[in-house]
Amino acid sequence: MPKKILIGIDGGGTHSTAVAAYPDGRIAAVTGGGGMNFHNIGTPAVRSHLEAIVDELCRQTGCEAAEVCVGMSALDAPADEATTALFTGMMTAEQLDLQSDAYIALMGFTLGKPGVIVICGTGSMLLMLDGEGRQQAAGGWGYLLGDAGSGYTLAREGILTVIDAVEEVGPATPLTGDALAYFGADTPRGLIDRIYAPEATTAWIAGFARHVLTRAHEGEATARAILQRNMERLARSAAQLITAAPEAARVGLYGGIFGHSELAREFFTASLERFSPGAEVCTLDYPPELGALIHLFRKRGILTEEALANMKSTYKEYCK
């Protein structure tokens with residue numbers, strides 16, 4: 001009888017990272033694949049990406065998948081039966097555990113204990129796990145409705161600052177030159193054609209956030225104000241979640257904005273100290289793809305210190 005593996009997948013909007021583990025926690029294989037946001041690319045594409053990832057991990061290990069946990073960027077809570085059924089095919093509903101990508105990041109941070117995760121990448125979201133194991137989300141409204149602190153929001157507010165400067169209703173800013181260069185526009189009005197072009201994606205627009213972050217780190221006033229305002233908004237949301245569950249006072253920061261900007265972390269931490277004194281800001285010990293595995297190991301009652309140590313040490317070999 002073939003050996004069994006457990007599979008954890010961090011299903012991002014454009015790319016997924018997947019790991020397979022033996023029941024003792026040792027990582028057996030690692031692979032990547034396409035995005036898992038079915039709102040953006042549709043259910044058939046996501047099912048195809050999922051099956052390709054599972055097939056590849058089973059091929060590499062020569063094992064069968066006992067269970068697969070996917071953290072999906074399109075979810076903000078565990079999937080219901082109807083949603084799970086959309087992605088069964090080569091797997092049964094019992095083999096498939098669909099969670100939000102925020103939840104698996106939270107598992108990589110708290111290992112199932114109470115806490116709050118704050119994620120800032122192209123989008124943003126907060127998720128809290130209380131002492132009773134209940135989840136509560138905040139943010140994650142999407143780029144149209146506002147994802148505070150996200151790459152898209154920082155980029156959009158940077159562009160609005162440029163517009164104010166050009167129309168002389170706001171201070172001059174070096175972000176104007178940055179925007180023209182990044183978006184490939186000859187004039188400020190030329191930004192309209194570039195940003196509203198059919199091929200302009202949210203990820204591409206969000207990429208302008210790195211210029212906002214760079215200028216903020218250089219001390220440029222308008223960029224610093226954008227970053228500080230957004231981090232304060234996120235800290236208010238985190239503090240409100242902690243008010244609802246004081247036991248969840250450990251807050252983990254994850255995502256490209258926090259990963260690339262020490263100033264973003266500083267602004268967030270200072271704001272949280274004001275809104276929720278005593279809250280502790282931490283980093284994640286395990287990446288989200290391992291968080292998905294940790295969820296499955298907890299679910300099966302096999303999450304031990306030895307399994308966690310095996311997971312961490314063997315995964316490092318794949319990350320070299």
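## A buried helix, two pockets and a few unusual residues

Let's start with helix α6: seven of its nine residues are buried, so α6 is largely enclosed by the rest of the structure. This is a predicted model, so please read everything below in that light. The buried residues of α6 are Leu175, Thr176, Asp178, Ala179, Leu180, Tyr182 and Phe183. Their cover includes the helices α5, α7, α8 (202–206), α9 (209–218) and α10 (221–244). Just after α6 comes Gly184, which has a positive phi of about 70 degrees.

**The chain as a whole**

Stepping back, the protein chain contains 14 helices and ten strands. Its radius of gyration is 21 Å, close to the 20 Å that the globule rule gives for 320 residues, so the chain is as compact as a globular protein of that length. Along the principal axes, the C-alpha atoms fill a box of roughly 70 × 45 × 40 Å. Of the 320 residues, 51% are buried. Among contacts with a separation of 6 or more, 66% join residues 24 or more positions apart. The chain exposes about 14,800 Å², and carbon and sulfur atoms supply 51% of that area.

**Two pockets**

Rolling a probe the size of a water molecule over the atoms shows where empty space is left. The largest pocket holds about 1,400 Å³ of space. It is lined by 44 residues, and the closest to its centre are Gly13, Ser73, Asp101, Thr122 and Gly123. The second largest pocket has a volume of about 630 Å³. Its lining has 23 residues, with Ile159, Leu160, Ile163, Ile195 and Tyr196 nearest the centre. Here the elements that give two or more residues to the lining are α5 (151–166) and α7 (190–195). Helix α5 makes the largest contribution to this lining, with nine residues.

The table sets out the lining classes for each pocket.

| Pocket | Nonpolar | Polar | Charged |
|---|---|---|---|
| Largest pocket | 17 residues | 21 residues | six residues |
| Second largest pocket | 16 residues | two residues | five residues |

**Around helix α5**

Helix α5 deserves another look, since it lines the second largest pocket and is also among the elements that cover α6. One residue of α5 is Glu157. Is Glu157 buried or exposed? Its relative accessible area is 17%, and because buried means under 20%, Glu157 counts as buried. Leaving aside neighbours within four places in sequence, Glu157 is in contact with Ile226, Arg229 and Asn230.

**Two loop residues with positive phi**

Most residues other than glycine have a negative phi. Which value does phi take at Leu111? It is near 60 degrees, a positive value in a residue other than glycine. Leu111 sits in the loop between α4 (101–110) and β6 (115–120). With a relative accessible area of 25%, Leu111 is partly exposed.

Glu168 is not a glycine either, yet it has a positive phi of about 60 degrees. Glu168 belongs to the loop between α5 and α6 (175–183), which brings us back to the helix where this report began. At 71% relative accessibility, Glu168 is exposed, whereas Glu157 in α5 is buried.

Note on methods
Residues numbered from 1 in each chain as written. Predicted model: local features only at pLDDT ≥ 70, side-chain atom pairs only at ≥ 80, totals over all residues. Heavy atoms only, no water. 1 Å grid on protein atoms, 1.4 Å probe; cavity = no way out; pocket = protein on both sides within 12 Å on 5 of 7 lines; lining within 4 Å. Points joined across faces, edges and corners; volume = space filled by probe spheres on them. Nonpolar A, V, L, I, M, F, W, Y, C, P; charged D, E, K, R; others polar. Helix = DSSP H or I, 4+ residues; strand = E, 2+ residues; numbered from the N terminus. Rg over C-alpha atoms; globule rule 2.2 N^0.38 Å. Buried < 20%, exposed > 50% of the residue type's maximum accessible area, 1.4 Å probe, protein only. Contact = heavy atoms within 4.5 Å. Areas by Shrake-Rupley, 256 points an atom, 1.4 Å probe, with all protein chains shown as cover.
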